[in-house]
Every structure is written in structure tokens, then in C-alpha cells.
Amino acid sequence: MTDHKANKRGETATAERSLVRDAQRGSRPAFEALYRQHVGQIYALCLRLMGNVADAEESTQDAFVRAWRKLDSFRGGSAFGTWLYRIAVNESLARQRKSRRTQPHLYLVEASGPVGAAKEVQLDELEKAIARLPEGARQVFVLAAVYGFSHREVARMLGIAPGTSKAQLHRARQLLAERLEGPMAPTRKNR
Amino acid sequence: MKKKAKEMPSQLHRLAQQLPRDIQPATDLWPRIEARLDAPSAEPNVATNRSGLWAAAAALVLVATSSLTTLILVRETRGPAPATAGLGPEPAVIGVGLRAPELLVISALSDEVRDVVITNLDIVRSARADIEQALQKDPNNTWLHHSWLRAYQQEMDLLNEATWTTNSLAERLKT
């Protein structure tokens, strides 16, 4: 079973490398296939970083357009998805710096996989609470807690000191804990 | 209460890890992306951009040169201390290390401009440190006070210039 999964992953990676090579040679269909493969992940990241649908859609477009223009510089040192993530983070932050919107926007999240009703409510509450976080705390929480980037990487991406990243994460956790106390209380009681 | 506070971050962490990694946008973005692939690159023309960078770098070098002049003048000053009063407390010694807001501005610059900014900041701050040393020996010297203020102004100008360059580049990269 594990071998089967590993083989499947290997096949997917090989197919993706082939798509990347074709796209690097200028193939639009290959790039569209890469878009279809990754748009969900990139849009999710942009949505969480931007906090609203309109900017998330724009950032997603910016990220793919930038990726198309920079395809030549992708050498395959990391996974294509990781490379795209970094571009999406940069594009989202650049758009945020440009617009500097202060009003947080709520958005609806449609989970792609099946989840239990109670968990879905919790995750939905968390998504909404993340969207209401102050910009700096939201960016750090999304990158560090949701996507698992190290404080060093987060600091480099956001142009802040690693200590600031840690402080913002702490602040985000405190704010989220305050806001989620209600919806999360049943889970604590069950422990 | 302590238990609550401890549980919440770990629970938050667990929930955060469970958030869906894949969210499909409500509309298909590909047609808009494809339309933009045909458009000429919005990235700034390299030659134009470089000339802008060099102009910014030249401005920074001018500031640094001016600071060096101040430094040399201060070092050569051995005149009698004028009688002054009411100049306020002696300026605090400020280190040459970069502070967080400056790091934020400077980290957004290109490598070549960043090097120039950091070098010049070091020069200006080192000049200020020298003036401060001179002021410790001669606290009533108004000329030294003026020089210190001028060096401080130059430092502010340098940081403003860097901020302007950062914002200007970000704007140009997006248009």
C-alpha cells in the first residue's frame, strides 16, 4: 500500500516535471494544466493572506502570471508547488502593501474534503477569526501556523525580524484564543 | 486558567494544521490569467529601472560624502568652546545597528542599493558617534550641537530616500 502510494507520488512528480518542461518551452496547455493542478492551493494561501475574495483572486492571477514570466528561472531545486507558494506570498504581500486595506473582510470557505460537522464548524470559525486578525498577525499566523514556514522564512518573506515574527504569532494566538473561546469550548471539555 | 491558556495554542495549532489546503475560487481565473500572459510584461524596463537605482544610489553617495565632510570638519575642530546655555540635555549615544523599521525598508531594496544604504548609514552614524564623543568633552559647543543635528537630519534624509526608493520600486513593479 505504501509502495503503491509512493509510486503514485513518483508518477505525479514525473508528470509535473514534464509539464513544467513543456511550459518552459512556451506551451500554454502545459501551463494551464499546472494552473489547474495548483490553483486551489495557491488561492487558499492568497485568501488567507489577503483576507478577502476579491484581492485573493487578483493575487492568484498575479502569482500565475508572474510564474509564467519567471518559468525560466525555475530549476527544479524545490517542488514546483513550493516555488509557486513563494511567488504567491510575494505577490500577495506586494498587493497588500499597495492597497493597504484596513477593513477586514469575511469570506466563506468551502472545504474540498469531507469533514465532520462539528469539526467543519470549528474550522469555519477559525477561518473567519483568522480573516479578522490584524494584517501583520494574520500574515505570520497563516505562514507559520497554517503553512508551516519557519520563523526565519516568515521573517525573510515579510521583511521583519524573526523575533517580530514570533511576537506576531504569539499575538495572533492570543487574539484567536479570545475570539474562539466559545466555539472551541466543547472540545476542551471533552479532553 | 493556566491550563486553558496552555491548551488553546496547541488546539489552535492542531486546528490550523487541519484547515483545507485546497480552496477552489468561485470563478475560473484561467481566462483572465491567459489574457494577461499575452500582454507585455508589466515588469519595469531594466534599463529604466537601473537608471533609477543608480540615481538613488548617487543621491545616497552624495549624502554620505556630505557626512564624511562633516566628520572631517568635526575631527579638525579644536576651537575654543563658545559659552552657551539652554541647549538641553546631551544627545544620547545611538548605536550604528539597524532598527526594525529600518530593516523593513532596507530589506525591500535590491542588493546593490541595500549595500549602499547600509554603508552610508554606517558612515553617517559613525560621524554622529564621533560628534557625540566630541560633545562629551565639550558639551557647551553649539557648533558641535548643530553638527550633530545636521548629521541626524542627514540620517533621516537617507532613510527617507531609501523609503521613497522602496515605495517607488514597488509601485513600478506593480504597474
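**Note on the predicted two-chain helical model**

1. With 26 C-beta neighbours inside 10 Å, L143(A) counts as buried, since the cut-off for burial is 20 or more other C-beta atoms within 10 Å. The model is predicted, and every remark below should be read as a remark on that prediction. L143(A) sits in helix α6 of chain A.

2. What does L143(A) touch, leaving aside its neighbours within four places in sequence? Its contacts are V89(A), F149(A), V154(A) and M157(A). V89(A) is 54 residues from L143(A) along the chain, yet the two C-alpha atoms are separated by 8.8 Å. L143(A) is also named among the residues with the most contacts inside the largest nonpolar core.

3. That core has 51 residues. Besides L143(A), the residues with the most contacts inside it are I42(A), Y43(A), L45(A), C46(A), A88(A) and F141(A). Two or more residues each come from α2 (28-50), α3, α4, α5 (117-131), α6 (135-146), α7 (151-158) and α8 (162-190) of chain A, and also from α1 (2-18) of chain B. The core therefore draws on both chains. Which helix gives the most to it? That is α2(A), with 12 residues.

4. Next, the pairing of α6(A) with α7(A). These two helices pack at an angle of about 140 degrees, and their axes are 10 Å apart. That angle makes α6(A) oblique to α7(A), because an angle has to be over 145 degrees to count as roughly antiparallel. The crossing is right-handed.

5. On the α6(A) side, the residues that meet α7(A) are Q139(A), V140(A), L143(A) and A144(A). Their counterparts in α7(A) are H151(A), V154(A), M157(A) and L158(A). By class, this contact has 6 nonpolar residues, 2 polar ones and no charged ones. Two of the α7(A) residues listed here, V154(A) and M157(A), are also among the contacts of L143(A) itself.

6. A second helix pair in chain A is α3(A) with α4(A). Helix α3 (residues 53-70) and helix α4 (residues 80-99) of chain A pack at an angle of about 130 degrees, with 8 Å between their axes. The two are therefore oblique to each other. Here too the crossing is described as right-handed, with α3(A) passing α4(A).

7. Which residues of α3(A) and α4(A) meet? From α3(A) they are D55(A), E58(A), S59(A), D62(A), A63(A), R66(A) and A67(A). From α4(A) they are L84(A), I87(A), A88(A), E91(A), S92(A), R95(A) and S99(A). Sorted by class, this contact has 5 nonpolar, 3 polar and 6 charged residues. A88(A), one of the residues of α4(A) in this contact, is also listed among those with the most contacts inside the largest nonpolar core.

8. Chain A as a whole has 8 helices and 0 strands, and its order along the sequence reads α-α-α-α-α-α-α-α. Of its 191 residues, 33% are buried. Among its contacts between residues at least 6 apart in sequence, 62% join residues at least 24 apart.

9. Chain B has 6 helices and 0 strands, in the pattern α-α-α-α-α-α. Of its 175 residues, 24% count as buried. For contacts in chain B with a separation of 6 or more, 84% are accounted for by residues 24 or more positions apart.

10. E155(B) deserves a look. This residue lies in helix α6 (residues 142-174) of chain B. Is E155(B) buried or exposed? E155(B) is buried, with 21 other C-beta atoms within 10 Å; the cut-off is 20 or more. Leaving aside neighbours within four places in sequence, E155(B) is in contact with L121(B), V124(B) and R125(B). The C-alpha atoms of E155(B) and L121(B) are separated by 6.7 Å, although the two residues are 34 apart along the chain.

11. H146(B) lies in α6 of chain B as well. With 12 C-beta neighbours inside 10 Å, H146(B) counts as exposed, because 12 or fewer is the cut-off for that class. From H146(B) to I131(B) is 15 residues in sequence and 10.0 Å in space, C-alpha to C-alpha. Helix α6 of chain B thus holds both a buried residue, E155(B), and an exposed one, H146(B).

Definitions and conventions
Residues numbered from 1 in each chain as written. Chains lettered and ligands numbered in written order. Predicted model: local features only at pLDDT ≥ 70, side-chain atom pairs only at ≥ 80, totals over all residues. Axes fitted to C-alpha atoms, helices over the stretch in contact; angles between N-to-C directions. Helix = DSSP H or I, 4+ residues; strand = E, 2+ residues; numbered from the N terminus. Parallel < 35°, antiparallel > 145°, perpendicular 65-115°, else oblique. Left-handed = near helix turned anticlockwise from the far one by under 90°. Contact = placed C-beta atoms within 7 Å. Nonpolar A, V, L, I, M, F, W, Y, C, P; charged D, E, K, R; others polar. Core = buried A, V, L, I, M, F, W, Y, C linked by C-beta atoms within 7 Å.
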